[in-house]
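Hi,

Here is the model I promised to pass on. Have a look, and my notes follow underneath.

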Amino acid sequence: MAVDAGADILGLVGHMPSGPGIISDGLAAEIAAWVPESMETFLLTSETTVAGILAHHRRVNSTALQLVDELIDGHLSDIKAALPEVKLVQVIHVINQYSVQQAQQVAQYVDALLLDSGNPNAVIKELGGTGRVHNWQLSKDIVDSVDLPVYLAGGLNHSNVSKAVAQVKPHGLDLCSSVRTHHALDVEKLSEFINQVKSMTVN
Ligand SMILES: O=C(O)c1ccccc1N[C@@H]1O[C@H](COP(=O)(O)O)[C@@H](O)[C@H]1O
């Protein structure tokens with residue numbers, strides 16, 4: 001569905017404490033093996049140890065790992081050393097000025113950053129898929145202060161995406177809630193969003 005609608009990257013959402021798009025590792029592996037080679041597959045993992053992340057990747061075999069939480073043991077460079085061919089994308093949940101420092105600290109160890117609106121400190125952690133917009137000025141500060149691709153996520157939809165792109169100037173966009181109906185991916189909403197983005201780049 002997402003391939004037909006014109007998406008460049010497929011997000012495969014692993015086990016999460018919350019969020020609408022979770023699928024089993026078995027299904028994620030099937031999708032990762034099936035998509036055209038030109039398409040990237042981002043495995044969203046909430047694992048917080050190097051061993052857990054490597055094991056999750058072994059089960060799915062995606063082209064990239066989207067780390068939606070912070071590591072509690074080991075280091076990002078251990079993951080890179082073990083999986084040099086896999087793109088590492090660290091999610092920064094943009095909350096306050098500390099988020100900008102956090103982004104700057106991890107930037108040297110990963111291939112890209114993804115700025116989202118979760119709350120890892122909530123009783124039930126929110127690690128994405130919230131449908132909420134965050135402070136785009138902080139996101140802009142991050143884009144301006146790191147030298148790697150930065151994706152923007154968090155509450156994006158067809159009516160706010162032009163403003164988001166104009167303000168933050170991200171490398172790419174990621175979204176979930178606004179292209180779903182009754183929790184399932186809605187191809188019409190996704191096509192509408194992608195067409196909106198494509199018309200912005202043409203104009
Ligand atoms: O998609 C999900 O269900 C999900 C669950 C838990 C963590 C991340 C998840 N997806 C990521 O959430 C953001 C965007 O979410 P939204 O548009 O604000 O709803 C994006 O990075 C997705 O990859």
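A bit of bookkeeping before the ligand: Ala, Val, Leu, Ile, Met, Phe, Trp, Tyr, Cys and Pro count as nonpolar, Asp, Glu, Lys and Arg as charged, and the others, Gly among them, as polar. On that split, the shell around the ligand has 12 nonpolar, 12 polar and 2 charged residues. There are 26 residues around the ligand, where near means a C-beta atom, placed from the backbone, within 6 Å. The closest are G19, G21, G128, G129 and S177. β1 and β5 (112-116) are the elements that give two or more residues to this shell.

Keep in mind that this is a predicted model: local features need pLDDT of at least 70, side-chain atom pairs count only at pLDDT 80 or more, and totals for chains, interfaces and linings use all residues. Numbering starts from 1 along each chain as its sequence is written.

Now the fold. The protein has 8 helices and 9 strands (DSSP runs numbered from the N terminus; helices are H or I with at least four residues, strands E with at least two). An open sheet of 7 strands runs β1-β2-β3-β4-β5-β6-β7 with parallel pairing, a pair needing at least two DSSP bridges. β1 (9-13) and β7 (172-173) are the edges, each with a single partner strand, so one side of each has no neighbour in the sheet. Inside the sheet, β3 (residues 64-67) and β4 (residues 87-93) pair in the parallel sense over 4 bridges, and A64 sits opposite K87 in β4.

As for extent, the C-alpha trace of the protein spans about 45 × 40 × 35 Å along its principal axes.

Cheers
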